[in-house]
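These are my notebook entries on a structure that I looked up part by part. I record what I found at each step.

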Amino acid sequence: MEDRERAIRLLCVDDNPRIVDALRLLLSHSPGYEWTGSIASADDLLDVARARQPDVIVLDVDMPGRDPFEVVSDLATHCPEQRVIMLSGHVRKELVSRAISVGAWGYVAKADGERAMLEAIGRVAEGEVVLSPEVQSCLAL
Amino acid sequence: VTIPLGKGPLPPEPTVRGHEPAEGFTGTAAFAKAAIRLVFEPVSATGAMRAEARDRPRPRILWADDEAGMRDYVRTLLEPMYDVRAVADGEMALREAIADPPDLVLADATMPRMDGVELLRQLRSDPRTKGVPVILLSARATEGSPIDGLQTGADDYLIKPFSERELIARIGVHLKLVAAQREAEQRVTRILENITDAFQVFDANWRITYMNPVARSFFARHGMDPDAMIGKHFWDDLFPESRGTDNSRQMDRAMTERVPVTISNYHATWDTWTLGRFDPLPDGGLANYFQDITERKRDEERLSVNEQRLAADLADMVRLQMVSTRLVGAGDSTPLLLDIVDAAIDLTNADMGLIQLIDPASGVLRIEASRGFEAPYLAHFVTVREDEAACGTAMRRGERVIVEDVETDPIFVGTPELAVMRAAHVRAVQSTPLFGRPGRLVGILSTHYREPRRPKDADLRVLDMLARQAADWIERRQTDEALRASEERFRRYFELGLVGMLISSPDKGCLEVNDRLCEIFGYDRDEMLRLTWAELTHPDDLAADLAHFEAVLAGEYDGYTIDKRFIRKDGRVIDATISVNSVRRSDGTVDYFVGLCDDITERKRTEAALRESESRFRSLIAKVKDYAIFATDERGIVTSWNEGCQEVLGYAEEEFVGLDFGDLYTIEDRAKGTPANDRRRAAETGSAKSDCWMVAKGGRHFFAMGATTGLRDPAGRLIGYSTVLRDLTQMKIFVDELANHGASLERLVTKRTDELQKTTERLRLSERMASLGTLSAGLGHDMGNLLLPLDIRIRLLLDADLAPELREHVIGIQTCAHYLQRLSSGLRLLAVDPWATPANEVTEIAAWWDEVGMMLKSVLPSGVQFSHLLPPDDCWVAIGRVSLTQAVFNLVHNAADSLRERGVGRVTVSVQEDPLSDTATVRVVDDGPGMSEQVVRRCMEPYFSTKTRGVSTGLGLPFVRGLVGRAGGRVEIDSELGRGTTISLVLPLALRSEPDGHLNRIAMVTMRDARLRSFIEGQLRALGFDVRRHREEGEEPALLVVDSAAMAKLHEEPCLRKPVLVVVGELPEAGDSVVPGDLLVLGRKPPADAICRALRDAAAVISLAHA
């Protein structure tokens, strides 16, 4: 991440303020990351993404409003250069599979902790698909 | 003279040719004789001395004397010139001499233990030392002593006292003699080694003392060891069985009478001829040289056999010529056939014989001439069918049949013919087929014998020649007869009047006409004979006929057939078909013409009407498209076409007409003869319906409904068939599918019912678990929502500049968070339906425990202690993580329940490996109240519970048993009231999944979609693959993952070993794409879990292929 010319711009989509706050704090203390803000629902995500041009979008799977998987699919079609990491407390195989199928670049289990989160954001920005340890082991079942 | 005299018979007259060497011993014999002289005749000392070589090493002398003073004196005397070995007695001298033969032995005559005379005797009797010169010294001054010494065979004898000069001179002479002799011997040996004859030497006692290489290889070739033969007695040791034969007596004569003999000998065991010569040698032995003349003998024999055969052939020719002359001289046919029979009897030394000719009309054999048979025999065999008796058999086989004895030959045994043969006193017979020029059988020539026998081969050869001549003659005769008969027939035909006939001269005049012709043209015969046919011809048709006529005259062809018009006497025009043939003179010019003329006026009119109606019909059916309607001739060859043939069968008109209708049937039907059967049915019953699969153009099969109708002319003769076909494939398929559908529907219902039953069962067992799972999932989610912020904030705190005391607190909080994290991850395993996980998963115990230990502990009441006992790392069991977790969770939960009331106790989870039985036992032990015997018996039943409703999980143990049983393990319960409960899960150990160093784990991913590619690469790494994006030099990937575009380009970079290929996308059009060994095609936009599954399958295929 050091060799990137500019910081990785992050947008957070989560209705849980605890998560949003924690992530914002985490990024503001980590060099090479730039917080572009957060929204509490995926409904307007397409517009916000176009406006703020984040590199990586962290999207909670379990939110009221629009089906986040549909939103990911739309994003993949219309803003392919903005990559989505899905964040979830539910780590179920079918959810992971569906996320990858619709175009997500990463899937991170909340239980995997901040390290996994930070690493995922960096690697996805580099163009890798990242599954956090718990997600990977769930997929292997 | 051959050495080995075998046991086999000797030739009738053993060649003994006195003293002259036998022929064949040319150069080598002379060499050998010279050699013998050189070796065995006395050598003059002077000559030998000159021959002494200058560069020889110092001669070695063995010197024996018991008197020490004398010994030293002589040694000192000789040492300047020779190497001297001095010993004290005869025994020592003998030992030394044999161990290393010296050039000369000098010995005192009187010595203790062994005196000089005995030493001399011993030396002479040993082949190694017999040639060493010996000089004896004696102190005895008696008169006779020197002579005694020489008589013993000593080379010289000196009496003590002797002068130094005398001793040195004597020694010098003998050494030179020895040297000369040795050199001569070497020269001879060299000669003997190089001659092409075998050579060996016998001593006077028949012991072999020498063999040259040719002799050695001769004996070695016959399995004897030449080295072992040296020194052996020729008769006693080597060839005792040859003693006493004539040849051995000759050899003895050479030995005893000292005369050279030459012997030719056959050794039966070796099947070998030798020619050899024995020459007496001056030392009383014999020199023998011999040659292996087996090949020469064989050639001579072959020559002699050939000469005999030629002589026999010549005699046969003479006999045959005599018979032929007789045949040619014969006149009328029957006597001639009898002549052939007589000749055959004569040639085969037979007692009787007969000739049968084939009756062209009936194809049976008919006797035409016979000799020596009575009427009953001839009556019985007057006609013979194919395969009857010997002649019928010869007829069928087309080759000669020989019956050596009619009583035993299968041709006659058990047939009525045998009795007839017996009555005619025939015991043996041969039947020779007579073939005409083109290989046509014209008859059979048989001869018979009164005694069982087989004719000689030579006789049969001559009989063959006779048969050929006879067949030629018979055929010629038959041709003549046929010609006569056909002339006769022609005459009758001419007069019969079915068609008009005309014999015309080359100038078109009528030479002869029949009544019918007159009738056709309306002239009477006399008028006709004055007319030319050209005058009768319609002027418009004359030119065409004349052109043909001139061509025949010019010799271009012999005849022609045309349709033309004539004009009758009454002026009416008639249509006729004429067929003209020429009869030529021997110079090729036309003698006369034979013309046939058929009035076809009526037929033409009928044809025209028919054509008209047919064309109407045709234009009608030609427009029909759904039905192929066509006609065939009586053999089934297609003669017409309609558009339906194109529609239904795919054939254009020009392709279809001329086709065999049978070709439209399937291969199976053709093999069964269905086409012919259908035609026959159509011919017999008027029409044949057929609903069957047929073959259209290009091999396409279609289901045809068709009918074939026989077509007959007005006279009722069958002239062909008409067929109508319709393609009912779609309907057939529909009907078949409907039938199939019913069956598969039924199967499906059965299957679904089964599945439903099983699912219901499982559902009943797992519904409680499922609710637990839902709980776990929800809990996991909530905990995640709390854990992540917690984790982040702890991290930020730790990054901040904290007082050490505070930092300690934060680290404590972090530890708790991590515990929570693990608890949450253990819960996840409870949230999954174990039955939905693959049945063949394996679990490593230590890693598993890390994941679930915390969660299991959380199940227990706070007063209950929890401990575990695990095997060291790398213990793999053959059950999935989810199943194992849920099974153990249930057991721990039960244990917790049993201890809840008491509030204190201990629960231990242990895992123990037993490599002997290839199992690992997972035990959950509690010290709770235990179970009664009855409860132990029943506790595996579903819904059996000891606990109060609402508290019990109810289905714990049956559920556990289901999971463990699915993994191939079993559950054991050990419990007693008051003694606690131990439940053991005995699970099979998994095969260690150690990475195999030889297994090729290189995977290459080539696809345009970077996201999908990265995902796949990640999954491949998780499966243990080395992932590449580009092919590296010399690397052969085991697995290729490609998208459709990359798939289409695979052939540009072919792999030597076919990798497993996973195509994420659709398979490109077949053609130039490479089809690998194993192919998994995922289709467009496959879901991620399908990709994962395919990659796992591919990995399994690779491991499997490797194994």
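The entries below take up one chain, then the interface, then a single residue.

**Entry 1: status of the model.** I note at the outset that this is a predicted model.

**Entry 2: chain A.** I looked up the secondary structure of chain A and found six helices and six strands. Following chain A along the sequence, I read the order as β-α-β-α-β-α-β-α-β-α-β-α. Of the 141 residues in chain A, 59% are buried. I then turned to contacts in chain A between residues at least 6 apart in sequence, and 66% of these join residues at least 24 apart. For the surface, I noted that chain A exposes about 5500 Å², with carbon and sulfur atoms supplying 47% of that area.

**Entry 3: extent of the interface.** How many residues does each chain bring to the contact? I found 39 residues from chain A and 34 residues from chain B. The area buried between the two chains is about 3200 Å², and carbon and sulfur atoms give 61% of it. Within the area that chain B buries against chain A, I found that B:H781, B:L788 and B:R1011 supply 21%, more than any other three residues.

**Entry 4: polar and charged pairs.** I searched the interface for salt bridges and the count is one. Which side chains form it? They are those of B:R795 and A:E114, with an N to O distance of 3.6 Å. I counted this pair as a salt bridge because 3.6 Å is within the 4 Å allowed between a side-chain nitrogen of Lys or Arg and a carboxyl oxygen of Asp or Glu. For polar contacts across the interface, I recorded seven residue pairs, both residues being at pLDDT 80 or more.

**Entry 5: the chain B side.** I asked which helices of chain B supply at least two residues each to the side that touches chain A. They are helix 27 (729–799), helix 28 (804–831), helix 30 (881–900), helix 33 (1010–1022) and helix 35 (1088–1106). Helix 27 gives the most, with 13 residues. By class, I listed 16 nonpolar, nine polar and nine charged residues on this side of chain B.

**Entry 6: B:S248.** I located B:S248 in helix 11 of chain B, which spans residues 246–256. Is B:S248 buried or exposed? I entered B:S248 as buried because its relative accessibility is 2%, under the 20% cut-off. A polar atom of the B:S248 side chain lies 2.9 Å from the backbone nitrogen of B:G244.

Note on methods
Residues numbered from 1 in each chain as written. Chains lettered and ligands numbered in written order. Predicted model: local features only at pLDDT ≥ 70, side-chain atom pairs only at ≥ 80, totals over all residues. Heavy atoms only, no water. Contact = heavy atoms within 4.5 Å. Buried area = accessible area lost by both parts, 1.4 Å probe. Polar contact = N/O pair within 3.5 Å; in protein donor to acceptor, adjacent residues only side chain to side chain. Helix = DSSP H or I, 4+ residues; strand = E, 2+ residues; numbered from the N terminus. Nonpolar A, V, L, I, M, F, W, Y, C, P; charged D, E, K, R; others polar. Buried < 20%, exposed > 50% of the residue type's maximum accessible area, 1.4 Å probe, protein only. Areas by Shrake-Rupley, 256 points an atom, 1.4 Å probe, with all protein chains shown as cover.
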